[in-house]
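Welcome! Please take a moment to look over the sequence and the model before reading on.

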Amino acid sequence: MPEYTLTKKEARQFLLCKQGLLGKYKFEDKTGVLDFIRQAGCIQFDPIDVCGKSPEILLHSRVKHFSKSMLYELLYIDRDLVDYFDKQLSIFLTEDWPFFARERKRHRQWERSHEKILKVRDTIREAIRSYGPLNSGDLDLSEKVYWYWSDTRLSRAALEHMYFGGELAIHHKKGTIKYYDLVENCIPHHLLNQPDPHQSDFEYYTWQVLRRVGSVGLLWNRSSDAWLGILGLKTKERNDSFARLLSQGSIVPVQVEGIPHTLYCRTEDTELLEYIKTKPRLTKRCEFLAPLDNMLWDRKLIKAIFDFEYKWEIYTPKEQRRYGYYVLPILYGDRFIGRIETVYDKKQKSLNTINIWYEPEIKQTATVERQVEAAIKRFEKFHQRL
């Protein structure tokens, strides 16, 4: 099996080209959204909206002509995408639904306040059949029960449990309010009726490890946030999965100068890797990355390859923050040149830049400042479009 050796610059360019963040845009419009998510496996979701939700910011940085309505349509009208658990709460292709049968089975077997929830399941299903998609406020189940983050209304806990277990799906959203429908009304029957494609936990782990390597582009066989959400995947299971993937020829080892640990990429990406070795001239772009961007799933790896440290400080106490509440990395060409804090004012329909912090080694040339300013203007227009 060939082993590739890259300089750090080549590793940066490979990762960024793979992610669609360097060179000309390779993803465009709604088709581009699907193409990127198919490549990535999934993108993480978070409901917090300061300057766009994380998946919206991620797609804006990669998909030419992307608008927020595209993602909504693909999720709740076209239903080519579904929101469910993969790397935590995520968005992935609806066609991948059968691959998460294990996740749904686990939730069905036990949940907080399980017995109380089971008693109202039939009532909820009948209410949805009679009235259509419902949110927790539509149900007269106000008893407080023990739930994940704090006690909550039984209606919310029951709807979420039925969603986690695959009985319900999110039909649509109004702001942050979720409306649930019976899953058979949202997922095609041929997908609902497919058996679990994996015959064993090991097959599932191996599939997920390969999926995550493809999600980032380069990964090492080390403890990492990139493996979050793969329940039961511990060091032994991860080692065994890497060994299986290597023996199958599904991944290839990559050595990067100055990094003692071996990295791996999917075999199908070696054509891009070899292209980068030819030292092509790649169009520089200035993009703002989302806090939960696939590129940032392993922040130790980003530090090793890009010499850039990023922490999403949203959960850090204010007095302990180095930067701000919702700060985005700034990418220019093949380097992270700084970070930016912006807030979108929906009433005024304007983007307010709170602060920009450049990395110490970055020269704030006229070109750099023009590129960042142009990126800010594009970001504002993105928020103003439907």
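Here is a short tour of some helices and two residues.

## A word on the model

What you see is a predicted model. Please keep that in mind as you read about the helices and side chains below.

## Helix H1 and its surroundings

Let us begin with helix H1, which covers residues 8–19. At 1.5 Å a residue, its twelve residues should span 16 Å, and the end C-alpha atoms are indeed 16 Å apart, so expectation and model agree. Ten of the twelve residues are buried, which means that H1 is largely enclosed by the rest of the structure. The buried residues are Glu 10, Ala 11, Arg 12, Gln 13, Phe 14, Leu 15, Leu 16, Cys 17, Lys 18 and Gln 19. Just past the end of H1 comes Gly 20, with a positive phi of about 75°.

A partner of H1 is helix H11, made of residues 270–277. The two axes come within 10 Å and cross at roughly 135°, so H1 is oblique to H11. This crossing is right-handed. On the H1 side, Glu 10, Gln 13, Phe 14, Cys 17 and Lys 18 take part in the contact, and they meet Leu 272, Leu 273, Ile 276 and Lys 277 of H11. By class, the residues of this contact are five nonpolar, one polar and three charged. A general point helps in reading such lists: an α-helix has 3.6 residues a turn, so residues three or four places apart point the same way.

## Helix H9 and its surroundings

Next comes helix H9, residues 201–216. Its 16 residues should span 22 Å at 1.5 Å a residue; the end C-alpha atoms are 23 Å apart, which agrees. Twelve of the 16 residues are buried, so H9 too is largely enclosed by the rest of the structure. Among them are Tyr 204, Tyr 205, Val 209, Leu 210, Arg 211 and Arg 212. Immediately after H9, Gly 217 has a positive phi of about 120°.

H9 crosses helix H10 (residues 235–248) at roughly 75°, and their axes come within 9 Å. That angle makes H9 roughly perpendicular to H10. In this contact, Phe 202, Tyr 205, Thr 206, Val 209, Leu 210 and Val 213 of H9 meet Glu 237, Asp 240, Ser 241, Phe 242, Arg 244 and Leu 245 of H10. Seven nonpolar, two polar and three charged residues make up the contact of H9 with H10.

## Two residues to find

Is Glu 167 buried or exposed? This residue sits in the loop between helix H7 (154–164) and strand S9 (168–174). Its relative accessible area is 12%, and since buried means under 20%, Glu 167 is buried. Leaving aside residues up to four places away in sequence, Glu 167 touches Arg 121, Arg 125, Met 162, Asp 181, Leu 182, Val 183 and Glu 184.

Phe 306 belongs to helix H12, residues 299–306. With a relative accessibility of 1%, Phe 306 counts as buried. Which residues does Phe 306 touch, not counting residues up to four places away in sequence? They are Arg 12, Leu 15, Leu 16, Met 295, Asp 334, Arg 335 and Phe 336. Three of these names will be familiar from the list for H1: Arg 12, Leu 15 and Leu 16 are buried there. From Phe 306 to Ala 243 there are 63 residues in sequence and 28 Å in space, C-alpha to C-alpha.

Definitions and conventions:
Residues numbered from 1 in each chain as written. Predicted model: local features only at pLDDT ≥ 70, side-chain atom pairs only at ≥ 80, totals over all residues. Heavy atoms only, no water. Helix = DSSP H or I, 4+ residues; strand = E, 2+ residues; numbered from the N terminus. Expected span 1.5 Å × (residues − 1). Buried < 20%, exposed > 50% of the residue type's maximum accessible area, 1.4 Å probe, protein only. Axes fitted to C-alpha atoms, helices over the stretch in contact; angles between N-to-C directions. Parallel < 35°, antiparallel > 145°, perpendicular 65-115°, else oblique. Left-handed = near helix turned anticlockwise from the far one by under 90°. Contact = heavy atoms within 4.5 Å. Nonpolar A, V, L, I, M, F, W, Y, C, P; charged D, E, K, R; others polar.
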